[in-house]
Amino acid sequence: MLTPVLQTLLILQDRDVRRRALEAQLRGVPGEIAGVEQKIAGEKAAIDAAKTELKELETKKKLLETEIGVAEDKLGKYRTQQSQVRKNDEYQALGHEIETTEAAVGALEEQELAVMYAIDEAKKKFAAAEAELKANISGHEAKIRTLREREGNLAKELEAAQAEVASARAPVGELRLKVYDRVALRNMPAVVPVQGGKCGGCHLKVSSEVESAARAKNTDGTAALATCDQCGRIVYWES
Ligand SMILES: [Zn+2]
């Protein structure tokens, strides 16, 4: 039979363990929410990148169209001039200009074609990125809602657990609470049985003084708590 003092300490420890577990779960929730939000942000960023790429390509296409227009105007003028000149060398010089400009237009049109292919690809990329976000967003949002719900439930459970801890602390007594709190800060469980002469926390052999203190049945609960010589945990004898 455990002494009443140890019974109160073990009840306190049980409730403390539960409180700590709830605290740890609660601490993890914001990180999980942030992880989902990051996924959403990543998918949105892919859409933005595709959109920017598309815009840049469209601007490039417009510039090329302007350049082609300018070159074609020039070609038209050269051709008119050529039909009006009488001298052979002037006619040939204009013919040379026309050839050069035609080649330039050809090169610009090739560039335009390449840009148009790139625009097609960028549009596909944009549509794929948008479809991915659309397909995932309701799942992401549902996950966040579930996590927020869990956070709320955990907070309520924690509140109840804290109240249970408080009520378990009341009968322990101030001095013993001090010992318990000091140990619990570093080592949980803080209250462990002695088994085979060894501390149930650090598994090292306890001294014979500690063992006999743990064995002592001070039913009035006035004696100091027995603590492990090695790790400082409160030890008790389990018969
Ligand atoms: Zn120990």
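Select Ala170 first; this residue sits in the loop between helix 2 (88-169) and helix 3 (174-186), where helices (H or I, at least four residues) and strands (E, at least two) are DSSP runs, numbered from the N terminus. The model is predicted: local features need pLDDT of at least 70, side-chain atom pairs count only at pLDDT 80 or more, and totals for chains, interfaces and linings use all residues. Residues are numbered from 1 along each chain as its sequence is written, and side-chain values use heavy atoms, with hydrogens and water left out.

Ala170 has a relative accessible area of 64% and is therefore exposed (exposed means over 50%, buried under 20%, partly exposed in between, with a 1.4 Å probe and protein chains only). Draw a distance from its C-alpha atom to that of Leu225: the two are separated by 17 Å and lie 55 residues apart along the chain.

**The sheet**

Next select strand 1 (residues 191-195). Four of the five residues of strand 1 are buried, which leaves the strand mostly covered. Strand 1 belongs to an open sheet of three strands in the order 2-1-3, with mixed pairing. Strand 2 and strand 3 are at the edges with a single partner strand each, so one side of each has no neighbour in the sheet. Two strands count as paired if DSSP finds at least two bridges between them.

Take the strand 2 side first. Strand 1 and strand 2 pair in the antiparallel sense over two bridges. Gln195 stands opposite Lys198, and Val194 has Cys199 as its bridge partner. The two strands form a hairpin with two residues between them, and Gly196 in the turn has a positive phi of about 60°.

Now move to the other side of strand 1. Strand 1 and strand 3 pair in the parallel sense over four bridges. Select Pro193 and Tyr236 to see one facing pair, with Tyr236 in strand 3.

**The zinc site**

From Cys199, go to the zinc ion. Which residues coordinate the zinc ion? They are Cys199, Cys202, Cys228 and Cys231, each through SG, at 2.2 to 2.4 Å. Donors are N, O and S atoms within 2.8 Å of the metal (3.2 Å for Na, K and Ca); water is not among the atoms, so sites may look incomplete. The angles subtended by the four donor atoms run from 107 to 114°, so the arrangement is tetrahedral (four donors count as tetrahedral if all angles lie between 85 and 135 degrees). The ideal angle for four tetrahedral donors is 109.5 degrees.

Along the sequence, the donor residues are spaced C-x2-C-x25-C-x2-C. Cys199 lies in strand 2 (residues 198-199) and Cys231 in the loop between helix 4 (208-215) and strand 3 (234-237), so this pair ties together parts 32 residues apart in sequence.

Check how covered the donors are. Cys199 is buried, at a relative accessible area of 1%, and both Cys199 and Cys231 are buried. Cys228 is found in the loop between helix 4 and strand 3 and counts as buried at 4% relative accessibility. Its C-alpha atom is separated by 18 Å from that of Leu2, 226 residues away along the chain.

How many disulfides are there? The count is zero, taking a disulfide as a pair of cysteine sulfur atoms within 2.5 Å.

**Last stop**

Finish by selecting Arg215 and Trp237. Arg215 lies over the face of Trp237, at 3.8 Å from the ring centre; a charge sits over a ring if NZ of Lys or CZ of Arg is within 6 Å of the ring centre and within 35 degrees of the ring normal.

Conventions. Four donors count as tetrahedral if all angles lie between 85 and 135 degrees; four count as square planar and six as octahedral if opposite donors are over 155 degrees apart and all others between 65 and 115; anything else is irregular.
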